[in-house]
Amino acid sequence: MVETQVVTGIATPNIALIKYWGKRDYTGLNTPNNSSISITLDETVKTTTSVVFSNKIKKDTVFINGIKEDITNKKASEKTVYMKNILNKMRSYSNIKENALIVSENNFPSGAGIASSASGAAALVFALNKALELKITAKELSIMARQISGSACRSIFGGIVKWNKGIREDGLDSYSEQIFPESHWKELVDIIAIVDSGKKKISSSIGHEATVKTSTLYKERPAFAEKGVICVENAIKNKDLDLLAKTIMKDSNNMHATMLDTWPPIMYLNDSSKEIIYKLHELNDSQSNGKYIAGYTFDAGPNAHIITIDKHRETIRKMLKEISGVKNIIESHIGNGPRIANEKETLIDIKNLSPVKKNS
Ligand code: PMV
């Protein structure tokens with residue numbers, strides 16, 4: 001009987017190079033209107049999630065970043081409800097039926113465009129799979145994670161990942177796969193410029209639906225993104241930074257244009273984000289050989305992800321340091337996907353069935 005064994009999963013966010021924005025299902029399947037491509041980041045940015053099942057736990061209890069979330073509350077956020085659904089679904093496949101204690105922590109700001117829900121959902125399903133002794137395949141875990149937060153299905157794999165949109169109504173063909181391992185282009189780096197570490201005002205769940213419903217520009221978006229997926233795949237295959245940079249910037253701009261075209265408009269970028277955009281274009285345009293050295297991409301938040309290679313890191317950092325709104329810079333290379341952590345990394349105090357007290 002393993003009922004009081006704590007299992008800890010660690011997963012990292014992914015940053016989409018071609019973005020997912022807009023769903024074709026809003027009942028919790030999170031099937032997208034277009035395929036997307038991302039890089040899974042390394043453990044510089046990570047979510048650690050510990051889970052334990054025990055008959056001593058009175059009801060399912062979840063702590064996220066030190067705050068107790070009532071997942072049974074009728075007013076819980078959409079993603080919290082989806083999380084509860086996946087917990088129940090995975091438990092229904094298992095012989096372990098006890099209540100769960102789940103403790104999850106990010107080492108980076110949540111809700112600010114660094115895909116905390118992606119790493120959170122991936123770490124959770126990864127840990128649940130082991131704790132419930134399910135042996136679910138990575139493809140199926142990707143489908144599970146997708147149902148908590150769409151983009152999470154890409155964090156189940158390391159390296160460069162493609163999420164095939166799928167066409168089935170039940171979503172069973174909408175999952176991610178690794179298209180290049182992390183070793184393929186080791187020099188690739190995401191330089192994250194934090195300009196605001198607060199939570200975004202409009203959640204992506206609300207945003208996806210509002211844009212699809214009200215934006216005229218959005219009608220062009222899925223086909224544009226599909227072309228981008230092919231282009232980025234080729235750029236990565238050939239390690240063509242110039243093509244990669246141009247394609248990802250156009251895709252990010254295209255997605256944010258549909259957000260602005262939403263009614264009422266959604267604007268995730270702030271003045272500092274815009275300054276980064278202008279400065280990076282100036283820098284790219286000043287290259288003597290005419291080749292771009294880096295590209296920006298923004299998720300549903302104002303923080304810039306600048307994709308470049310190690311050779312240009314210092315140039316990019318120097319550029320960012322001259323922008324007063326940049327509060328912090330985080331660098332992450334490509335990571336190798338989720339893992340089960342060792343005992344030292346646990347967030348659950350097994351004796352007291354509670355979150356581990358910091359500095360104790
Ligand atoms: O997975 P969600 O529902 O949080 O949507 C995320 C959408 C973007 O981050 C803006 C783009 C993407 O593909 O990750």
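1. Helix H7 (residues 271–285) packs against helix H8 (residues 313–321) at an angle of about 140 degrees, and their axes are 10 Å apart. H7 is therefore oblique to H8, a word used for angles outside three ranges: under 35 degrees (roughly parallel), over 145 (roughly antiparallel) and 65 to 115 (roughly perpendicular). Axes are lines fitted to C-alpha atoms, for helices over the stretch in contact, with angles from 0 to 180 degrees between N-to-C directions. Helices are DSSP runs of H or I with at least four residues, numbered from the N terminus.

2. This is a predicted model, in which local features need pLDDT of at least 70 and side-chain atom pairs count only at pLDDT 80 or more, while totals for chains, interfaces and linings use all residues. Residues are numbered from 1 along each chain as its sequence is written, and side-chain values use heavy atoms, with hydrogens and water left out.

3. H7 and H8 cross in a right-handed sense (the near helix is turned clockwise from the far one by less than a right angle; anticlockwise would be left-handed). On H7 the contact (heavy atoms within 4.5 Å) uses Ile 276, Lys 279, Leu 280 and Leu 283, and on H8 it uses Thr 315, Ile 316, Met 319 and Leu 320. Six of these residues are nonpolar, one is polar and one is charged.

4. The axes of helix H2 (residues 116–131) and helix H3 (residues 138–146) come within 9 Å and cross at roughly 130 degrees. H2 is therefore oblique to H3. The crossing of H2 and H3 is right-handed. H2 contributes Ala 121, Val 125, Phe 126 and Asn 129 to the contact, and H3 contributes Leu 141, Met 144 and Ala 145. The contact of H2 with H3 has six nonpolar residues, one polar and no charged.

5. Which residues are closest to the ligand? Of the 15 residues that surround the ligand (a heavy atom within 4 Å), the closest are Tyr 20, Lys 79, Ser 151, Arg 154 and Ser 204. A polar side-chain atom of Ser 151 is 2.6 Å from a ligand oxygen atom. Polar backbone atoms also face ligand oxygen: that of Tyr 20 at 2.9 Å and that of Gly 150 at 3.5 Å.

6. Two backbone details deserve a check. Most residues other than glycine have a negative phi, and most peptide bonds are trans. Trp 263 and Pro 264 are joined by a cis peptide bond, with omega about -5 degrees; Pro 264 is in the loop between helix H6 (241–260) and H7. Lys 239, a residue other than glycine, has a positive phi near 50 degrees, and Lys 239 lies in the loop between helix H5 (221–237) and H6.

Note on methods
Helix = DSSP H or I, 4+ residues; strand = E, 2+ residues; numbered from the N terminus. Nonpolar A, V, L, I, M, F, W, Y, C, P; charged D, E, K, R; others polar. Polar contact = N/O pair within 3.5 Å; in protein donor to acceptor, adjacent residues only side chain to side chain.
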